Amino acid sequence: MPLRLQTLAAQGFRCFNPEGIVISLDELSCFIGPNGAGKTAALTALRRLFGVDASERRIRPDDFFLKDGKLLSDISERSLRLEATFVIVSKGGDTEDDLAGAAVFEHMVVGEPGGPLYLRVELLATWHDDGTLEGDIEQQLHWITTASDQMSEIEDSRRKMSGADRALIRAVYVSATRDPAAEVRAIAGTGLGRLLRGAKWSDDLRNLLRDQTDDLEGQLGNESALDAVRKAVEGRWPELYRGDRHAKASLSPSGAELQDLVSGLRPSFSGGVDGDQMGVDALSDGFKSLFSLAFTTALMDVENAIRAGDVTGFDDNAVRLPILTLLLVEEPENHVSPHHLGRVVQQLRAVSESEFAQTILTSHSPSVVRRVEPTDIRYFRGGERAQGVQVHALELPADSTEEGKFVREAVRAYPELYFSRLVILGEGASEETVISRLLRSDGHDLDVEQVSVVPLGGRHVNHFWRLLDQLGLEYVTLLDLDRCRTGGGWHRVKYVIEQLLKCGVERSDVLTVEDDEGNESVMDDEEFALLGSRDDADADLDRWVDDLTRHDVYFSSPLDIDQLMLWAFPSEYKAASLSRPRVPKDPAKRAEYRKRAALVVLGDQGIPDYYSESLKLFPWYRALFLHGSKPGAHLAALSTIDDATLLEGCPEPLHAMIEACRQKLSAPATPPTADDEH
């Protein structure tokens, strides 16, 4: 019976306040966000519900939510609530008759006629101050057999969940700190032990084990050292024990039972030229981490093979397999080099594609996030800079649309934006190079202050604004104005306003205009449609450009960032050029040469006359940025400019943007509120 964990709700648990959060989940979900934002707490909640070991399922005093500076004992009683909702999914054509045989069928609920079947599991816990140091904790696990979210109806519908039912759903946790030897020992009593306890051992193996045990006992009896110890024990024990039942004490080798043999299984490795066998301790930390994952997923493969009838040697009545395994992997990137991470994520995704498994992983690594579908990401807000947690799934355009494909590829290419305090959306590689250097010159360490520069080519910015708003991240946008360039100027301003309107900005906030008599009005659709056809030489364009900075949109004006930096530091950029323009000496030919160079830069429909005072720099623009590498030219020129000179000569549009970045980085974090979308 295929199940999928659809949501996890937590109230009053660890960093999740009593108002609670609801986390939606997919077949594979990746939790990301700052430290302390609740990623591990969410995994721990699932372990408290469905952990393999009893100690994992036990609620502890530190599981109860506390505000900063508060103590658990400040009040006499605290409570928490966890709820997991599972939907029944149809992957193999299951019918209701198939489901009816499942042990959990009687607990299923349906929200509406013809709607999907689902299960609700609830864990309630209450801490009481009973005068002891840790207090007393009561916890109960229930089925919820109503579709209602009204607490009164939930209370009436609670049914105790038995241990046997609980075992049908299992959470297997792979810690961020991985010790394969210890994990194998632990799993021998759980996953591996459960499988091998259901194995059908052959009579030949049982006889061999008994014969070897008898031979070993005989040989040990002839060893004088062990004989001395045995006689001493046999002499001392009767002094304390006078009964008949356990009168004779001795020493015997373990291994008489198959369970003893199984508990002694340890991983070993061999290969190479000499073929020597070695233990897990011989592995590097990275390979130990990889083996921990491989060992865990291998046991799940065996379970799937048993279900499919592809392996023999197991007693179906003795091996009770879960109907769903939640594989919880914390920071798979630990100790693992980036080129291995692709294999790790691929293996985890393959596990999650099984009917009987689901994977949830946490990560701080862009290398991992790059390999995960953006729709599988759950972003946790809060942590280091604010108390309180919110969790967001990403809302992206549909896959089938051009913008959907573009946005997905962009967030895959620049996963650093998820881990940023400030994101600067730019046009391309020039912005990455120049802005990064300007920020460093202004005293900002991009790594320490978590600043990312993400080049978009100016496309589909509204989707990125919406995405960053969802994540609660600060951002500014720097676009090319391309004034008097084909498709630039007023066209660019109109485009940005259209994007702002798509993001919900009030029309009056961006399209209020004033007539000659000082009367204000809001542009209608017909007037707005004509905005892009205005003359780029119109001085009113500058006012519109300045006004958009209120929405953190800045323009490299009048043309682009390449033009701004070349005009601001002509000597340094000319020296960085790999070729020099061949400027005619004749004044008339020189003027024509410069105008042709300007048309190459601006386009055939461009207006070079707007740049009449700086036409002499267009041949250099062409040589540096059209015939050569843009980032290479900027790197070469910026390497010759010291920080003070760079900041002093910084073009005004870039200076204004850097000032906005400075203010955003110095502002205190805004804590998540209960009104934020979960």
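User: What is the average pLDDT here, and what share of residues score at least 70?
Analyst: This is a predicted model, and the protein averages a pLDDT of 85, with 89% of the residues scoring at least 70.

User: And where does the pLDDT drop below 50?
Analyst: One such stretch is residues 93-101, where the pLDDT is below 50 and where the model shows nine contacts beyond near neighbours in sequence. Another is residues 673-678, over which pLDDT stays under 50 and for which there are 13 contacts beyond four places in sequence.

User: Ok, overall fold then. How many helices and strands?
Analyst: The secondary structure of the protein comes to 27 helices and 21 strands. Of its 678 residues, 48% count as buried, and the accessible surface comes to about 33600 Å², of which carbon and sulfur atoms hold 48%.

User: What share of the contacts with a separation of 6 or more is between residues 24 or more positions apart?
Analyst: Residues 24 or more positions apart account for 73% of those contacts in the protein.

User: Let's go to strand S4. Why is it described as largely enclosed?
Analyst: Strand S4 covers residues 77-88, and ten of its twelve residues are buried, so the rest of the structure largely encloses it.

User: Which strands pair with it, and in what sense?
Analyst: Strand S1, residues 3-11, pairs with S4 in the antiparallel sense over eight bridges, while strand S6, residues 117-128, also runs antiparallel to S4 and is joined to it by eleven bridges.

User: Which residue is the bridge partner of Leu5 in S4?
Analyst: That partner is Phe86, and Phe86 in turn has Leu119 as its bridge partner in S6.

User: Switching to the interior: which residues touch the most other members of the largest nonpolar core?
Analyst: The largest nonpolar core has 63 residues, and those touching the most other members are Tyr418, Val493, Ile497, Trp544 and Phe555. Helix H16, residues 461-471, contributes the largest share of this core, with six residues.

User: Is there a general reason why nonpolar residues would gather like that, or what is the tendency?
Analyst: In soluble globular proteins, nonpolar side chains tend to be buried together.

User: What is Trp544 in contact with, leaving aside neighbours within four places in sequence?
Analyst: Trp544 is in contact with Trp490, Val493, Ile497, Val510, Leu511, Val513, Met523, Leu531 and Arg534. Among these, Val493 and Ile497 are also listed with Trp544 as core residues touching the most other members.

User: And which residues does the second core include?
Analyst: The second core is separate and has 47 residues, including Leu46, Ile88, Leu168 and Val389.

Definitions and conventions. Residues numbered from 1 in each chain as written. Predicted model: local features only at pLDDT ≥ 70, side-chain atom pairs only at ≥ 80, totals over all residues. Heavy atoms only, no water. Core = buried A, V, L, I, M, F, W, Y, C linked by side-chain atoms within 4.5 Å. Buried < 20%, exposed > 50% of the residue type's maximum accessible area, 1.4 Å probe, protein only. Helix = DSSP H or I, 4+ residues; strand = E, 2+ residues; numbered from the N terminus. Contact = heavy atoms within 4.5 Å. pLDDT = per-residue confidence, 0-100. Areas by Shrake-Rupley, 256 points an atom, 1.4 Å probe, with all protein chains shown as cover. Pairing = 2+ DSSP bridges.
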